[in-house]
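Colleague: I'd like a close look at just one part of this model, please. Pick one strand and take me slowly through what surrounds it.

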Amino acid sequence: TGEVPMRLLQASQNPAVLPVHYQLPGMNGLATTRVIRDRETKISVVFLTNAIDFKLAIDAMKLDVEDYLLKEEAITSILPSILLNVVERVRLREKLAESEMNKVAQRERIDGIKSLIVTISHELNNPLAALKLAINVLQRKQMSPDVMSYLAIMKENAERIEGVVSKLRDVKGDKVTSYIGNIKMIDLSE
């Protein structure tokens, strides 16, 4: 009867798949399926009927049933395999949805890291530019060879840091690579 699925829902027993026949006593299969959908459960419905009725099939598909079968076909040994296929399809859709959510979360993390990198790059560039300017001014003055040597080293290191900051600022998503386990790193080589 149409009340059996309702009792399952009230008892918080949500089977993975529920075969529902259209001609149920009390409440027909469409009404039963509508109630199941209104409760927003994850129950997959396999709709069964005795007659070939395209309007009924369309109405059932609008209610997002997993499969629509003629009862004659379903009574044979095909029904168990159809139910197993429905369960597997649902499981695969859930895995795909989870995978997509993980990809979105990873993209958001990478975008957040990129934003942080741009901010840090900007904060490093200002004092770095001032340091390079001061080094250039000092190199134009008459200084001892030791001081000139130190200034050359400072200028070389400032330019190296400037290059790393530039690479960080221009980092692309394809530069993020796996490191160990779930840890990712940004490849700044080249």
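Modeller: First, a bit of vocabulary: helices and strands here are DSSP runs, at least four residues long for a helix and at least two for a strand, and they are numbered from the N terminus. Keep in mind too that this is a predicted model.

With that in hand, let's start at Glu 66, which sits in the loop between H3 and S3. Is Glu 66 buried or exposed? Its relative accessibility is 17%, and the cut-off for buried is under 20%, so Glu 66 counts as buried. Leaving out residues up to four places away in sequence, Glu 66 touches Ser 44, Val 45, Val 86, Arg 89, Val 90 and Arg 93. Take Arg 89 from that list: 23 residues separate it from Glu 66 in sequence, yet the two C-alpha atoms are 9.0 Å apart in space. With Arg 93, the side chain of Glu 66 makes a polar contact, side chain to side chain, at 2.3 Å.

Two of the residues that Glu 66 touches, Ser 44 and Val 45, lead us to strand S2, the part I'd like to zoom in on. S2 is mostly covered, with six of its six residues buried. Which residues lie on each side of S2? Ser 44, Val 46 and Leu 48 are on one side, while Val 45, Phe 47 and Thr 49 are on the other, and both faces are covered.

Now for the strands that S2 pairs with. S1 and S2 run parallel and are joined by five bridges; in one of the pairings, His 21 has Leu 48 of S2 as its bridge partner. S2 also runs parallel to S3 (residues 67-70), this time with four bridges, and Leu 48 turns up again, standing opposite Leu 69 in S3. To get from S2 to S3, the chain crosses through H3, and this β-α-β crossover is right-handed. S1, H2 and S2 likewise make a right-handed β-α-β unit.

Let's zoom in further, on Thr 49, which belongs to strand S2. Its relative accessible area is 1%, so Thr 49 is buried. Setting aside neighbours within four places in sequence, Thr 49 is in contact with His 21, Tyr 22, Leu 56, Tyr 68, Leu 69, Leu 70 and Lys 71.

Tyr 68 is worth following from there. Again not counting residues up to four places away, Tyr 68 touches Phe 47, Thr 49, Ala 51, Asp 53, Leu 56, Ala 57, Ala 60 and Met 61. In the largest nonpolar core, which has 14 residues, Tyr 68 is one of the four that touch the most other members, along with Leu 30, Phe 47 and Ala 60. S2 (44-49) gives two or more residues to this core, as do S1 (17-21), H2 (29-38) and H3 (54-62). H3 provides the largest share, three residues. Apart from this core lies another one of eight residues, including Val 17, Leu 48, Leu 69 and Leu 79.

So here's the picture to take away: look for S2 with its six buried residues, find S1 joined to it by five bridges and S3 by four, and then pick out Phe 47 and Tyr 68 in the largest nonpolar core.

Notes:
Residues are numbered from 1 along each chain as its sequence is written. This is a predicted model: local features need pLDDT of at least 70, side-chain atom pairs count only at pLDDT 80 or more; totals for chains, interfaces and linings use all residues. Side-chain values use heavy atoms; hydrogens and water are left out. A nonpolar core is a set of buried Ala, Val, Leu, Ile, Met, Phe, Trp, Tyr and Cys residues joined through side-chain atoms within 4.5 Å. Buried means under 20% relative accessible area, exposed over 50%, partly exposed in between (1.4 Å probe, protein chains only). Contact means heavy atoms within 4.5 Å. Two strands pair if DSSP finds at least two bridges between them. A crossover is right-handed if, with the strands pointing away from the viewer, the path from the first strand over the helix to the second runs clockwise. A polar contact is a pair of N or O atoms within 3.5 Å; within protein, one must be able to donate a hydrogen and the other to accept it, and residues adjacent in sequence count only if both atoms are side-chain atoms.
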